[in-house]
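I opened the model today and kept notes as I went. Here is what I looked up.

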Amino acid sequence: MRRPTFLEGAGVALAASISGGVLFEALTTVFVSSFVLRLLIALMGLFYLLYLLGRSGEKIGRVTSLATWLVVVVLIWLMELNLAFYLMAHLGLIWLIRSLYFYSSLISALADLGLVLIGTAAAVWATLKTGNLFLGFWSFFLTQALFVVIPNTWKGSAVKNKSAKYEEDRFQHAYRMAETALTKLSIRS
């Protein structure tokens, strides 16, 4: 499966922002806003987790990742953390899942952690400046769409991959030459 694109991430950001904004407005008419925010954070986390698992090329560990995520979310909910710690715990889960499924180097995972922190800062800033939760969700998820530009591995591994590709090309060339020679020999016989 091919890696997600930025435009796809922007579409996910738009869908998450619209649904989050609409759900917040609808649910705050019935429930207290702090409960609704906690519920939306968990639902958005689940939505984004399912998106990441669906777009990753890995087939192994999806059920385990989802089950672990659900257990941790229930534990976080039961701990009754304040909203900032609750949000950070969910963001940590997103970072962990994305790092496990999309990166094979520590540097890439740390770059992704920086992206999560920048997205969080953008979301908090947008929400505080405008008072609009839709813009907060939009800022966070649009920033997260940039994870596709973080390389899976860094330069040292890329050099190894390039030399392996070169070796494979040499092998393919030799294989084609041998096949051609065998074909010529069989035609002459």
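**Entry 1: S139 and T143**

I started with S139, which touches A122, A123 and A126, leaving out residues up to four places away in sequence. Contact here means heavy atoms within 4.5 Å. This is a predicted model: local features need pLDDT of at least 70, side-chain atom pairs count only at pLDDT 80 or more, and totals for chains, interfaces and linings use all residues. Residues are numbered from 1 along each chain as its sequence is written, and side-chain values use heavy atoms, with hydrogens and water left out.

S139 lies in helix α6. Helices (H or I, at least four residues) are DSSP runs, numbered from the N terminus. Is S139 buried or exposed? I found 17% relative accessibility, so S139 counts as buried. The cut-offs are under 20% relative accessible area for buried and over 50% for exposed, with partly exposed in between (1.4 Å probe, protein chains only).

Next I looked for polar contacts. Such a contact is a pair of N or O atoms within 3.5 Å; within protein, one must be able to donate a hydrogen and the other to accept it, and residues adjacent in sequence count only if both atoms are side-chain atoms. The side chain of S139 reaches the backbone oxygen of L135 at 2.8 Å. The backbone oxygen of S139 has a partner too: a polar atom of the T143 side chain, 2.6 Å away.

That led me to T143, also found in helix α6. T143 has a relative accessible area of 13%, so T143 is buried. Beyond four places in sequence, T143 touches L115, I118, G119 and A122.

**Entry 2: helix α5**

I checked the length of helix α5 (residues 106–130). The expected span is 1.5 Å times one less than the number of residues. For the 25 residues of α5 that gives 36 Å, and the end C-alpha atoms are 36 Å apart, which agrees.

Which residues of α5 are buried? I listed S108, A109, D112, L115, V116, G119, T120, A123 and A126. These buried residues pack against α4 and α6. After α5 comes G131, whose phi is positive, near 75°.

**Entry 3: the core**

I then looked up the largest nonpolar core, which has 35 residues. Such a core is a set of buried Ala, Val, Leu, Ile, Met, Phe, Trp, Tyr and Cys residues joined through side-chain atoms within 4.5 Å. Y48, L52, F141 and F147 have the most contacts inside this core. The elements giving two or more residues are α1 (6–27), α2, α3, α4, α5 and α6. Which of them gives the most? I noted α2, with 10 residues.

I followed F147 further. Not counting residues up to four places away in sequence, F147 touches R3, P4, Y48, L52, R98, F102, Y103, D112 and L115.

L49 lies in helix α2. At 3% relative accessibility, L49 counts as buried. Outside four places in sequence, L49 is in contact with L66, W69 and I97. I also checked L49 against L106: they are 57 residues apart in sequence and 21 Å apart in space, C-alpha to C-alpha.

**Entry 4: aromatic rings**

How many aromatic pairs does a search of the whole structure find? I got 7. Rings of Phe, Tyr and Trp (its six-membered ring) pair if their centres lie within 6.5 Å; planes under 30 degrees apart count as stacked, over 60 as edge-to-face and the rest as tilted.

F31 and F35 have ring centres 5.3 Å apart and planes at 50°, so the pair is tilted. F31 is partly exposed, at 41% relative accessible area. F35 counts as partly exposed as well, at 31%. The rings of Y48 and F141 are 5.5 Å apart at their centres with planes at 55°, so this pair is tilted. The Y48 and F141 pair links distant parts of the chain: Y48 is in helix α2 (residues 33–55), F141 is in helix α6 (residues 133–144), and they are 93 residues apart. Both Y48 and F141 are buried.

Ring pairs also link F31, F35, W77 and Y86 into a cluster. I found the charged end of R38 over the ring of Y86, 5.0 Å from its centre. The test asks for NZ of Lys or CZ of Arg within 6 Å of the ring centre and within 35 degrees of the ring normal.

**Entry 5: E80**

Last, I looked at E80, in the loop between α3 (62–79) and α4 (83–102). Its phi is near 50°, a positive value in a residue other than glycine. At 67% relative accessibility, E80 counts as exposed.
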